[in-house]
Amino acid sequence: MSTTEEEEANIGKVLTFLREWDRGDSRVRGRMLTAFLSRNPGRRLCDVELQLAQVSSLFLARITTWTRLTYMFGTFLGLQLKAIGIFLSASNHDQYLMEFLEDGGVLTLLDILSHSQSKAEEKVEALRLLLTISDAGRKYKEVICESHGVKAIAEFLAQSNTDEPLEAAWALLESLSRGNPRYQNQVYKAMIALMTCSSPKAQQRVLHSLHTVQSKMKTAHHSIVEPLLGLLSSLHLEVQDEAINLILGLRCYEVRPLLLDGLVALLWPTKENVQHQNMQESEIIQMTGSLPVFVQQAAAAKSIRLLAEDSQEVSRELLSLGVIQRLLYAMGNREHTDAQIQASLALKHFVRSFPHIEEHVQRGIGSTLFAAFMNQADTLYMHMDETQAEILLTNKVTITEVWYGDNSEG
């Protein structure tokens, strides 16, 4: 058989296939999609008849239309999405992508995310298709964003609590944040809003993503500060670490004064948030719920130390906010040893960097306690008695300025 005859034979087979599709009901189409998927394993379009006959676009259009009309019922949605994925992942996928978009495919996929009757695995499949579209280039990312995709994805993330859908949604949101300057700010603000989600895994992911996105932006939005400081109270170390990394990343942005002021304030928890009692941490959780506040206090002290060690300019700004008195206060918190340790290490930096602070601190807390602090700051808490802790909690050390020549590090 000649090549021309072979092509004509394939065209005849495909036209017969399409007629059968058009005449069939949903069950017939479901069987046809199952057969189509078996002939194109691994999400690759390798159906010779469709390729040679060049009528694959007609089949894609039929699947897309059928999906749009029936996704709310969900009977064959999984098959439909997998079949569409074969076309969108094909080597010559640009043609299929444009045709799918022109047929309203993106809107259908976004609707599936918010449809309560869709199964979790179907939503994951929809997210994967959207990721394939987004990864195809800037113009495709813009189509998703123009279709209110960022809002739909953010709402999905806020409501989802299982790993696979969360991972798929985050991968998509991160893809939209790259190479998409027209909508980068929209994605950035959506990520900030997601910082208040309750899932620790989602919190860790949003902080990591924000750090990456923020590094590409010229400005930082002030709304990032409050939820970021709030996440320092997380009892999950991986969330805390990501929060501190983002805080360090924001040190060169215009939100720095707001951030520093907030960190210093956290060293001195308000009475509404915490009551000092002589009890174990487990008892504090049960009776006052204070542990997250103490964890936040410790994380704030650690952040202050890392920021100050990185910049003398930042150190001076912190001094102007009265950080010394508040670090001493945190050192006296015998209910949480990490707060004492982190505050001691931070204070040690300031004492070593600015000699005149040493004199003020020694006068404020007494020579005995100060000598113990200078000898081994990170273990001071182990030897502190109730009287010494009270001295720290009630200290009146006030240092809000420093001379520019007063710097032992040169």
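Reader: Axes here are lines fitted to C-alpha atoms, for helices over the stretch in contact, and angles run from 0 to 180 degrees between N-to-C directions. With that in hand, at what angle do helix α2 and helix α5 cross?

Author: This is a predicted model, and in it the axes of α2 (residues 26-39) and α5 (residues 77-88) cross at roughly 40 degrees and come within 10 Å. That angle makes α2 oblique to α5, since angles under 35 degrees count as roughly parallel.

Reader: Thanks! Is that crossing left-handed or right-handed?

Author: The crossing of α2 and α5 is left-handed.

Reader: And which residues of α2 and α5 meet there?

Author: From α2 you have Gly30, Leu33, Thr34, Phe36 and Leu37, and they meet Leu79, Gln80, Lys82, Ala83, Ile86 and Phe87 of α5. By class, the contact of α2 with α5 has seven nonpolar residues, three polar and one charged.

Reader: Nice. Let's hop along the chain: how do α11 and α13 pack?

Author: Helix α11 (residues 163-177) packs on helix α13 (residues 200-214) at about 10 degrees, and their axes are 11 Å apart. So α11 is roughly parallel to α13.

Reader: How many charged residues does the contact of α11 with α13 have?

Author: Five are charged, alongside five nonpolar and two polar. On the α11 side are Asp163, Glu167, Trp170, Ala171, Glu174 and Ser177, while α13 brings Lys201, Ala202, Arg205, Val206, Ser209 and Val213.

Reader: What about α12 and α13, are they roughly parallel or roughly antiparallel?

Author: Roughly antiparallel: they pack at an angle of about 150 degrees, with the axes 10 Å apart. The crossing of α12 and α13 is left-handed. Tyr188, Met191 and Ile192 of α12 make the contact with Val206, Ser209, Leu210, Val213 and Gln214 of α13. That contact of α12 with α13 has six nonpolar residues, two polar and no charged ones.

Reader: While we're on α12, where does glutamine 184 sit, and what does it touch?

Author: Glutamine 184 lies in α12, which covers residues 184-193. Leaving aside residues up to four places away in sequence, glutamine 184 touches Ser177, Lys216 and Met217.

Reader: Why does glutamine 184 count as buried?

Author: Its relative accessible area is 17%, and buried means under 20%, so glutamine 184 is buried.

Reader: Changing topic: what is odd about phi of histidine 148?

Author: Phi of histidine 148 is near 65 degrees, a positive value in a residue other than glycine. Most residues other than glycine have a negative phi.

Reader: Where is histidine 148 found, and is it buried or exposed?

Author: You'll find histidine 148 in the loop between α9 (138-146) and α10 (149-159). Histidine 148 counts as exposed because its relative accessibility is 60%, over the 50% cut-off.

Reader: Last stop, α18. What span does α18 reach?

Author: Helix α18 (residues 291-310) has 20 residues and reaches 29 Å from its first C-alpha to its last, close to the expected 28 Å. Of those 20 residues, 15 are buried, so α18 is largely enclosed by the rest of the structure.

Reader: How about arginine 305, is that buried or exposed?

Author: Buried, at 14% relative accessibility. Arginine 305 is in helix α18, and it touches Gln342, Leu345 and Ala346, again not counting residues up to four places away in sequence.

Key. Residues are numbered from 1 along each chain as its sequence is written. This is a predicted model: local features need pLDDT of at least 70, side-chain atom pairs count only at pLDDT 80 or more; totals for chains, interfaces and linings use all residues. Side-chain values use heavy atoms; hydrogens and water are left out. Helices (H or I, at least four residues) and strands (E, at least two) are DSSP runs, numbered from the N terminus. Buried means under 20% relative accessible area, exposed over 50%, partly exposed in between (1.4 Å probe, protein chains only). Contact means heavy atoms within 4.5 Å. Angles under 35 degrees count as roughly parallel, over 145 as roughly antiparallel, 65 to 115 as roughly perpendicular and the rest as oblique. A crossing is left-handed if the near helix is turned anticlockwise from the far one by less than a right angle, and right-handed if clockwise. Ala, Val, Leu, Ile, Met, Phe, Trp, Tyr, Cys and Pro count as nonpolar, Asp, Glu, Lys and Arg as charged, and the others, Gly among them, as polar. The expected span of a helix is 1.5 Å times one less than its number of residues.
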